[in-house]
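Let's take a walk through this one together, starting with the rings and working outwards from there. Keep the viewer open and follow along.

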Amino acid sequence: MSTPILQRFTLPNGLRVVLYPISGVPAVGVSVHYDVGFRSEPEGRTGFAHLFEHVMFQGSESVDRMEHFGHVQAAGGTANGSTHQDYTDFYQVVPSAALERILFLEADRMRAPRLTEENLRTQVNVVKEEIRLNVLNKPYGGFPWTVLPGLLFRTYPNAHNGYGDFTDLGRATVDECAAFFDAHYAPGNAVLTIAGDIEPARTAELVHRHFQDVPSRRLPPAVDLSEPAPDQELRGEHLDPHAPMPATAVGYRMPDPLSDLDAYLAHMVLCVVLTGSGESSRLKRRLIHGASPLVTDVSTGCGLFGALEARDPETFLCVATHPQETSTDLLLDVLDRELEDLAAKGPAEAELMRATALSSVSMHRKADMLLARTRVLGAQEVLFGRAELVDELPGRLAAVTAEDLALAAKSLRPDARAVLSLRPAP
């Protein structure tokens, strides 16, 4: 099957639009990615970006509270939203005939959401309950993404907990919501992505019809995320009253995916070599499948929320759950030895072939379903200005060389990392 021809245009109000027609798919995916996330929220208002994502479902100029979901479900579709470090997305997939209904709904809340005291207080309570469920009352809840950044990074945008502090959430006001909307939810700060069973000319006409009168607004300056990498090993401890056994998270700084994408991709393949190819992966063979297992589970990953889901600076992760008798230093010794071996010798030919093939296939699968592809297109456009990456990445991952992987392993230095030890607490 031929690769779809991606098209893009920009409305006079600044809204960027990506169209991605896919033949043979009797449905359409629609997403709106706003260039605002955890790292954009003001100090003293941790969790505000996630809270505002919830508020955006509480009705708009022509749509009552929670009615957005009702319209999508009545059309036979699904809808949701999510908040990440650098973007917030709202997405749905529906039968093709319902496309205009979805465009109307998204344009209506981009124009004027219902920002009321009742809606805000309701969603503050919903978000607090979500934090209780997913973090406070759950073993290993939020570990490591809510706590490791505070050790690895120093500046507020990069270091703070994006889920939010209960006190900060409780102090949020309607006026602050209105200011946040005005600053960050302008059409010029958004990407509208439409993929699936679409005719581009007709779809562009519908986009103009529903979005062209959304007023443009002055955009805020970009958040300054820059900060130097650590120049020493950083150690910290996190207590978890629900954890049955200890865990260790190790975080390193990643290459910038915008300026050095090939080096970033080499780190993605390195993850597969270390933990992503089953029993044959290096860390699982050493730590789990040896004569004396040291851990119950170990994984590596690029990005706190997944690969290519945030701008620089981003985190390379190694996370292990282990018995009390397995010390953090013992785990680090095994990790360092494997990284040193890869840096000095590179991977074996068969090892590299397996890792690049699995990485390429995984990237294909990530964007296999219509809704997933729609979201990936929008995220790559808003973060890197290149929705085309969705079709380029599998081939680029397959082309990673042994030398690339050796350099990636060499960059993960013991003197420039954060080591966070989770301890079960009474």
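**A cluster of rings and what surrounds it**

Ring pairs tie Tyr34, Phe48, Phe52, Phe57, Phe69, Phe90, Phe180, Phe181 and Tyr185 together into a cluster. Keep in mind that you're looking at a predicted model. The structure as a whole holds 16 aromatic pairs. Take Phe181 and Tyr185: their rings are stacked, 6.1 Å centre to centre with 20° between the planes. Phe181 and Tyr185 are both buried.

Two arginines also come into this picture. The charged end of Arg217 sits over the ring of Phe181, 4.8 Å from the ring centre. Over at Phe57, Arg109 lies over the face of the ring, at 4.6 Å from its centre.

Stay with Arg109 for a moment, and look at what its side chain does next. It meets the side chain of Glu106 in a salt bridge, with an N to O distance of 2.9 Å. Both residues belong to helix 3 (residues 99-111), and they're three residues apart, about one turn of the helix. Are these two buried or exposed? Glu106 has a relative accessible area of 0%, so it counts as buried. Arg109 comes out at 1%, so it is buried too.

Helix 3 has another salt bridge to show you, between Asp108 and Arg111, at 3.5 Å from N to O. Here again the residues are three apart, which means about one helical turn separates them. The burial is split this time: Asp108 is buried at 1% relative accessible area, whereas Arg111 is partly exposed at 23%.

Now for the sheet. Six strands form an open sheet in the order 1-2-6-3-5-4, with mixed pairing. Strand 1 and strand 4 (78-83) are at the edges with a single partner strand each, so one side of each has no neighbour in the sheet. On average, neighbouring strands here are turned by 15° against each other, direction ignored.

Start at the strand 1 edge. Strand 1 (residues 7-10) runs antiparallel to strand 2 (residues 16-21), and four bridges join them. Phe9 has Val17 in strand 2 as its bridge partner. The hairpin of these two strands has five residues between them, and Gly14 takes a positive phi near 100° there. Going further in, strand 2 pairs with strand 6 (residues 190-196) in the parallel sense, over six bridges. Tyr20 stands opposite Ala195 in strand 6.

Then jump to the other edge. Strand 4 and strand 5 are joined by a hairpin through four residues, and they pair in the antiparallel sense over six bridges. Gly81 stands opposite Phe90 in strand 5, and that brings us back to the rings, since Phe90 is one of the cluster members. Helix 2 (residues 67-74) lies across strand 4 and strand 5 (88-95), running at about 135° to strand 4. Phe69 is another cluster member.

Finally, a look at the charges elsewhere. The salt bridge count comes to 34. Arg282, Arg286, Glu338, Asp341, Lys345 and Glu351 are linked in a network of them. Further along the chain, Asp415 and Arg413 meet through their side chains at 2.8 Å, N to O. Both ends of this bridge are partly exposed, Asp415 at 37% relative accessible area and Arg413 at 38%.

Technical notes
Residues are numbered from 1 along each chain as its sequence is written. This is a predicted model: local features need pLDDT of at least 70, side-chain atom pairs count only at pLDDT 80 or more; totals for chains, interfaces and linings use all residues. Side-chain values use heavy atoms; hydrogens and water are left out. Two strands pair if DSSP finds at least two bridges between them. Rings of Phe, Tyr and Trp (its six-membered ring) pair if their centres lie within 6.5 Å; planes under 30 degrees apart count as stacked, over 60 as edge-to-face and the rest as tilted. Buried means under 20% relative accessible area, exposed over 50%, partly exposed in between (1.4 Å probe, protein chains only). A charge sits over a ring if NZ of Lys or CZ of Arg is within 6 Å of the ring centre and within 35 degrees of the ring normal. Axes are lines fitted to C-alpha atoms, for helices over the stretch in contact, and angles run from 0 to 180 degrees between N-to-C directions. Contact means heavy atoms within 4.5 Å. A salt bridge is a side-chain nitrogen of Lys or Arg within 4 Å of a carboxyl oxygen of Asp or Glu.
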